[in-house]
Structures are given as structure tokens and as C-alpha cells.
Amino acid sequence: MTVTTRSTRFIMSTHQTDSISGMKVTVMGLGLNGGGLASARFFAQRGALVSVTDTRDETVLKPSIDALDGLPIRFVLGRHEIADFSNADLVIKNPAVRPDSEYLKAATRVETDLSVFLTFCTGPIVAITGSKGKSTTASATAHALNACGIKTHLGGNITRSPLDFIDEVEPTDRVVLELSSWQLGDLKGRGLLKPLAAVLTRIVPDHQDRYGSMEAYVADKRLIYADQQTENWTICDAEDEYGRSFASETRASVLWYGDRLPEDGFGVRILPDGSCIARLPGVDDLEILPAKVRLPGGHNRRNLAAAAAAAWCAGANPAELGQALAGFGGVEHRLEVFAEYGGVRWCNDSAATVPQSTAAALAAFDDPVILITGGTDKCLDFTPVREAYRRARTIILLAGTGTEKLRVLLDEDGIPYEGPYADFKEAVKKADSTAKPGSIVVLSPGCTSFGMFKNEFDRGNSFKREVQILHS
């Protein structure tokens with residue numbers, strides 16, 4: 001599929017439409033969070049013969065199926081069939097599907113929603129990856145750019161496929177993409193991703209059940225700057241050993257963020273009071289973030305500092321960034337304080353799927369914390385942050401393989417806990433009965449959600465729903 005663009009708008013000529021019209025396209029993995037749905041809609045609207053295949057059935061996938069109502073799409077649900085891959089001109093895979101899948105091996109050509117988007121996109125892109133903090137950093141960057149008068153579109157791993165807004169982007173717009181290691185791995189060797197700015201948040205062990213080693217995991221992260229050129233920017237954490245490694249490799253110019261910047265380096269420095277000072281080309285010691293912001297947590301100061309650097313790279317006026325970022329309220333499922341009843345606040349941090357994120361959540365609040373935590377293991381180690389669990393006034397465990405690993409440490413350290421609970425409702429009820437005025441109940445699992453929920457978003461929504469039911 002060869003596609004060109006007119007300027008930076010994603011408008012297809014009649015010839016280009018004809019090149020897609022009649023193509024046999026198989027979308028592998030419809031899912032519930034955007035990528036498969038957007039891909040199916042994109043190709044069906046352009047006249048392709050689209051088949052959607054997913055191992056889940058129509059009951060689970062009903063919201064996505066309903067969203068495609070009226071489009072000429074063939075559904076193969078509850079299974080995959082080799083013929084749908086071997087007979088297709090093009091297969092669009094979900095990033096979660098391993099590249100060694102027998103079905104993908106039968107395909108002639110494999111793409112993703114992201115690679116299709118990047119084939120069209122010639123406009124300025126800010127790409128953001130990392131282990132944790134990438135969603136907050138990406139959202140804060142897009143928020144700041146829009147607040148500074150630069151129209152910006154946000155998509156990627158943040159559950160909105162960029163194909164959803166491919167027809168809306170104007171030449172003067174910016175695109176901010178949050179990218180997972182899996183999404184980056186699918187782009188290896190393609191030369192499609194050449195971001196104006198590549199941001200890397202702090203790296204910690206994650207997805208070791210899939211990668212098997214930190215080296216393999218980090219290798220995919222490095223792809224975010226692999227095709228950058230000298231006129232681009234790579235934005236790195238100054239205190240992270242991986243950040244220093246990334247900075248030494250990239251061909252782009254480097255900006256730093258953190259408590260201490262290299263003496264001769266440009267970037268955004270976080271002061272002890274939480275405010276941030278920018279030292280950038282043409283900008284010297286300007287406050288780019290005030291001490292008082294809406295977003296809680298010291299780790300989020302780092303995310304906002306990285307976002308400030310990224311927004312500057314994308315054209316924002318640095319004098320306007322402080323006010324813009326101070327007003328950023330955060331992202332759903334990430335330290336989201338969503339309710340208060342009887343003097344008790346409730347915080348949804350369901351996107352905390354590694355132990356380090358739970359440790360950051362416990363450090364984010366001065367109020368006594370009732371922590372709901374635990375879930376399914378993904379071959380991660382709780383040992384580096386075991387002391388953080390002492391910060392919780394009460395710990396309520398959710399059942400799961402990851403929880404069993406955590407229990408060993410809690411027992412060794414003499415840290416009491418309730419549970420584990422296999423019934424999520426009962427865990428929430430226990431938190432409600434334990435919490436006293438002035439405390440905060442935080443769902444911060446430090447594990448994946450599988451087994452009890454469809455994904456971390458389903459887990460977070462279930463938490464908010466159960467709290468509302470308890471107090472309605």
C-alpha cells in the first residue's frame with residue numbers, strides 16, 4: 001500500500017482510494033480500546049474487504065461491534081482461521097499479539113494501526129514512551145500545547161488510535177503519541193517513526209513475562225529515537241541510568257529533566273519546592289512550572305517537567321507553559337481522586353501495574369492511606385520497593401499470582417494486611433469500613449488485572465462503580 005499526502009493533511013486522492021478499495025484486509029484483534037476498531041473502520045470506509053477476527057466472542061466485544069454497525073465488515077469471533085491470514089492482502093495486528101504467532105506467519109503483509117498512521121503522517125510528532133508515567137506525560141504535553149494555542153491530537157497506547165483522527169489533522173497541528181514497547185517493537189527497521197521530540201520517562205522492570213530480560217524490553221524502548229536526526233530532540237531523565245544511556249546513543253539533540261541537570265546540558269530542573277526552571281536554547285532560568293499544581297505526587301513533577309520540555313520542542317511559548325501545566329488535572333486511572341464521602345477520599349490508580357508505581361502512589365499523599373493492591377503477576381520483583389508498603393495505614397489484598405509474591409515479603413517484614421479477596425466488591429467494602437475521616441482509599445495494584453478484570457481500565461471503572469454503589 002503506497003500512500004502519499006498533500007502537504008501534511010491526510011487527504012487521499014482518487015487513485016490512492018482505489019489502491020485500498022477492493023483490498024482484502026484482516027484485522028487481528030478487535031478489542032475494546034481503539035486500535036482494532038479504528039483500523040476496521042478506516043479500511044472499510046475506504047472500500048477494503050474487511051474481516052475482523054478475535055478469540056473473544058460477540059458478547060465480550062459487543063461495544064466495539066456496535067460501533068462498527070452499518071459498515072460492510074465480516075466478523076470471525078471466538079477463534080482465528082488461518083485462511084483469513086493467508087488469503088489477505090494485508091493483516092493489521094494488535095500490538096499485544098506476539099510477532100511469532102502462527103497466524104501472522106501465514107500473512108503476506110503485516111501492519112499495525114500505528115504503522116498505517118505513520119505512513120500518512122508527515123507532520124510534527126511528539127512520541128513518548130517509558131515504563132510508567134508515559135500516559136501522564138503525553139496527556140500533559142497535549143494539554144499544554146492546546147492551552148498555548150497549538151491544536152494538538154493525542155493518541156496511541158493511551159487507548160485512542162491515531163487512525164481515529166487521521167482526517168482531522170491540519171498542517172499547523174501537532175500529534176502527541178504515547179507508545180508502548182510492543183508498539184515500538186512492531187516498527188523496528190521500518191523507518192516510519194521520526195519524531196520531532198522523543199520523550200523517555202523512567203525505566204523500571206515491566207512485561208518480563210513477555211520479554212524475559214530487561215535488555216530485550218529496553219531495546220524496544222530505544223527504537224523511539226532510532227531514526228531521529230540532528231535537528232530533532234530526545235528528552236531523557238537525568239537521574240536514570242537508562243536515560244543517560246539513551247542520551248549517549250541518540251543522534252538528536254538532548255534535553256534533560258530532573259533534580260540535577262548536567263552542568264553544560266539544556267533541560268528542565270526540578271527545585272526542592274517542586275517548581276521547575278528551564279534552561280533551554282534562548283531561554284535561561286525561566287520558571288516553567290510553579291510549585292503549586294493540581295496533579296499530586298513527586299513522581300508527577302518529573303512527568304510535568306518532561307512535558308514542559310516536549311511542549312517547548314513542539315513550539316509552545318515557554319512563558320505560557322507554567323500556567324498551562326499547573327492546570328493539568330491528570331489522567332483517568334492514574335492517581336485519579338474521583339470521590340469524597342464522609343471525609344474519606346477515594347483514588348483510582350488502576351493503571352499502576354508495576355510495584356514502583358504503587359510505591360509512588362503511597363508517597364504521593366500525606367493523609368493516611370488505605371491501600372487496595374495486588375493482582376496477576378507478570379514476572380516482576382516487589383523486593384526493591386518492599387519498604388514502601390509500610391507507608392499504608394491498612395493494606396487490602398486482591399487475590400492473584402502477583403499477590404502471592406507480595407505476601408511473602410509482607411509476612412517477612414511483619415506488615416499486616418487483609419485478604420486476599422477473590423471478590424472485588426468485598427475488598428472495596430472492607431476498605432470502606434476501615435477508612436476514617438481524613439484518610440484516602442487508593443486502588444494501586446502494582447500488578448496486571450487479568451483473571452479478575454478485562455484490563456486495568458475495566459478494573460478502575462469497576463472500582464469507581466462499586467464506590468458509587470456503596471454511597472448511593
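These are my notebook entries on a few features looked up in a predicted model.

**Entry 1: Glu111**

I started with Glu111, which is found in strand E5, residues 110–111. Is Glu111 buried or exposed? Its relative accessible area is 4%, so I logged Glu111 as buried, the limit being under 20%. I then looked for a polar partner of the Glu111 side chain. The side chain of Arg190 makes a polar contact of 3.1 Å with that of Glu111. Leaving out residues up to four places away in sequence, I listed what Glu111 touches: Leu90, Val91, Ile92, Lys93, Val116 and Arg190. Arg190 therefore appears both in the polar contact and in the list of touching residues.

**Entry 2: strand E20**

Next I went to strand E20, residues 440–443. Which way do its side chains point? Ile440 and Val442 point one way, whereas Val441 and Leu443 point the other way. In a regular strand the side chains alternate between the two faces of the sheet. All four of these E20 residues are buried.

I then checked which strands pair with E20. Strand E16, residues 344–348, pairs with E20 in the parallel sense over four bridges. Strand E17, residues 369–373, also pairs with E20 in the parallel sense, over four bridges. For the register, I noted that Asn348 stands opposite Leu443 of E20. Leu443 is also the bridge partner of Ile372.

**Entry 3: cysteines**

How many disulfides does a search of the whole structure find? The search returns zero. For Cys148, the nearest cysteine sulfur belongs to Cys313 and is 13 Å away, and Cys148 is in no disulfide. The cut-off for a disulfide is 2.5 Å between the sulfur atoms, so that distance rules out a bond from Cys148. Cys276 is in no disulfide either; its nearest cysteine sulfur, that of Cys148, is 15 Å away.

I also looked up burial for these two cysteines. Cys148 has a relative accessible area of 16% and is therefore buried. Cys276 is buried with a relative accessible area of 0%.

**Entry 4: nonpolar cores**

Last, I looked at the nonpolar cores. In soluble globular proteins, nonpolar side chains tend to be buried together. The largest nonpolar core here has 55 residues. Which residues have the most contacts inside it? They are Phe43, Val50 and Phe117. Helix H2, residues 35–45, gives the largest share of this core, six residues. I recorded a second, separate core of 44 residues, which includes Ile150, Ala278, Ala305 and Val331.

Key:
Residues numbered from 1 in each chain as written. Predicted model: local features only at pLDDT ≥ 70, side-chain atom pairs only at ≥ 80, totals over all residues. Heavy atoms only, no water. Helix = DSSP H or I, 4+ residues; strand = E, 2+ residues; numbered from the N terminus. Buried < 20%, exposed > 50% of the residue type's maximum accessible area, 1.4 Å probe, protein only. Polar contact = N/O pair within 3.5 Å; in protein donor to acceptor, adjacent residues only side chain to side chain. Contact = heavy atoms within 4.5 Å. Pairing = 2+ DSSP bridges. Core = buried A, V, L, I, M, F, W, Y, C linked by side-chain atoms within 4.5 Å.
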